[in-house]
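The following exercises are to be worked with the sequence and the coordinates at hand. Each task is followed by a solution in steps.

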Amino acid sequence: MAADIRKQSREIGEEVASLKSVAHAFERWHQDMNALMDQNRAMRATGEELSLIVRHLTMLSLNAKIEAARAGDASRGFVVVATEMRTLSDRADALQKQFSSGLHRNDLSTTATFQDIQASGKLMMAAISGLEAMVGRLHAQIDEVPA
Amino acid sequence: MITDQARSVVERIFADAMRSHLPVDPSHRLELSRVDAAAAATASAAPHELIVVTSASFAFRLLTVFHLRGGSVAQAYFGRGRTDGAPAEAFGEVANLCCGAINRELARYVPHLGMSTPYVLHSRCMDFLADLSPQHVAGYDVAIEGDVRLGATLCLCGSAAIDFSPIAVIASEEPASTGDLELF
C-alpha cells in the first residue's frame, strides 16, 4: 500500500516537472509576437514615409494650380492636370490616414495580446512551481511513513 | 461583469500605487483627479507616447496605461534632470515599479498573477481601446508638484465574472506567489 502511494506520488511529481516544459511554448509564442511587433514597426515606418510623400504631392498640386492660374487661358489644359493631381493627392491622403489608423489599431491589439501572453506565462510558471513545491512536501511526508 | 467591490478594489490599488511610486521623491505632492475615461483616452491632446503594462490572471487582464503628455517638464522630472533620452525611456522604470506594486497588492485578492514588461505605443492607439472589450475603464489626470502632468487609464478586461471576495482575501493571507521564475 505504502509502496503504491510512493509510486503514484513519484509519478505525479514527474508529471508536474514535465509541465514546466510549457515554458518552451511560451518562448515560441513570445518570439512569434516579437516578429509581429517588428513587422508592425516596419509598417509604421513605411506609413510615415507614405505620409511625407502624400504631403509633398498635395503641396505640388497646389503650386501647380497657382502656376496654371497665373498663366491664364493658355494653360487651361494644365489646370485640368493640376486639378486631377489635387484629387489624386486628396484620395491618397484619405487612404494614408486610414492605413495609419489601422496600424494604430493593430499596435494596440498586438501589444495587448503580447503582454497577456507574457504575463500569463509568468503566472502559469509560478503556479507550476507552487505545485512542484507542494508535491515535494508530500513526497517528504510519504517518505516518513514506515514501509 | 465586474462587481462594484472589485471595481473599487482595483481603483484603490491603482491610486495607491500611483501615489507611492510616481513621485521620484516621496516628499513630492501628487494630485490625482478622476476624469472621463473617454476624455483621458482621446487623441485630442498633442500626439504623445503611452506606456502600457499588463497584469494577467486566469480570469482577467488589467492594462495600465500612462499618457506621457507632460512634455519636457515630465521628461526632466522622471529622467531626474536628464532630457536627452525619449520620455518613455525615462518613465519606463517608474511604470514598472508602479505596476509591480499593483500586482503585489492584487495578489492579496487573486492567487495567480503575472505581469508583462512595459511597452511604448502612440497615443492614437487609445482610440481603439474599446476593441479590447473592457469591462471597466477609469481615467485619471495626475499632477506632481503642480507642474509635472501626465494621464493614466486603467482598463480591466475579462470574459468571466470578476470579483474579489473577502473570503479570497482571508484565504490568501499567506502571501501568494507573484512568480519567482522569470520568463522572457
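**Exercise 1. Determine how many helices and strands chain A has, and describe its overall dimensions.**

Solution. Chain A of this predicted model has three helices and zero strands. Read along the sequence, the pattern is therefore α-α-α. Next, consider the extent of the chain: along the principal axes, the C-alpha atoms of chain A fill a box of roughly 110 × 15 × 15 Å. The radius of gyration points to the same topic: chain A has 32 Å, whereas a compact globule of 147 residues would have a value near 15 Å. Finally, buried residues account for 16% of the 147 residues in chain A. Of the contacts in chain A between residues at least 6 apart in sequence, 82% join residues at least 24 apart.

**Exercise 2. Test what span helix α2 of chain A should have against the distance between its end C-alpha atoms.**

Solution. Helix α2 of chain A comprises 50 residues, 22-71. Because the rise is 1.5 Å a residue, the expected span is 74 Å. The end C-alpha atoms are 73 Å apart, which agrees with the expectation. After α2(A) comes Gly72(A), with a positive phi near 75°.

**Exercise 3. Classify Ala92(A) as buried, partly exposed or exposed, and identify which residues it touches.**

Solution. Ala92(A) belongs to helix α3 (residues 76-144) of chain A. Within 10 Å of Ala92(A) there are 17 other C-beta atoms. A buried residue needs 20 or more, and an exposed one has 12 or fewer; Ala92(A) is therefore partly exposed. Not counting residues up to four places away in sequence, Ala92(A) touches Val54(A) and Leu57(A). By contrast, Ala2(A) lies 90 residues from Ala92(A) in sequence and 78 Å from it in space, C-alpha to C-alpha.

**Exercise 4. Describe the side of chain B that touches chain A.**

Solution. Begin with the counts: 28 residues of chain B are in contact with 23 residues of chain A. On the chain B side, the elements giving two or more residues are β2 (49-56), β3 (61-68), β4 (114-115) and β5 (119-122). The largest share, four residues, comes from β2(B). By class, this side has 13 nonpolar, 10 polar and five charged residues.

**Exercise 5. Establish how β3(B) is paired and how its residues are arranged.**

Solution. First, the partners. β2(B) and β3(B) run antiparallel and are joined by eight bridges, with a hairpin of four residues between them. In this pair, Val53(B) stands opposite Thr64(B). β3(B) also runs antiparallel to β7(B), through seven bridges, and there Leu63(B) stands opposite Cys155(B).

Second, the faces. In a regular strand the side chains alternate between the two faces of the sheet. Arg61(B), Leu63(B), Val65(B) and His67(B) point one way from β3(B), while Leu62(B), Thr64(B), Phe66(B) and Leu68(B) point the other way. Eight of the eight residues of β3(B) are buried.

**Exercise 6. Find which residues touch the most other members of the largest nonpolar core, and which element gives the most to it.**

Solution. The largest nonpolar core has 60 residues, and Ile51(B), Phe66(B) and Phe91(B) touch the most other members. Elements supplying at least two residues each include α3 of chain A and, from chain B, α1 (4-21), β2 and β3. α4(B) gives the most, with nine residues. Leaving aside neighbours within four places in sequence, Phe91(B) is in contact with Ile51(B), Phe66(B), Leu68(B) and Phe78(B).

Key:
Residues numbered from 1 in each chain as written. Chains lettered and ligands numbered in written order. Predicted model: local features only at pLDDT ≥ 70, side-chain atom pairs only at ≥ 80, totals over all residues. Expected span 1.5 Å × (residues − 1). Contact = placed C-beta atoms within 7 Å. Rg over C-alpha atoms; globule rule 2.2 N^0.38 Å. Nonpolar A, V, L, I, M, F, W, Y, C, P; charged D, E, K, R; others polar. Core = buried A, V, L, I, M, F, W, Y, C linked by C-beta atoms within 7 Å. Pairing = 2+ DSSP bridges.
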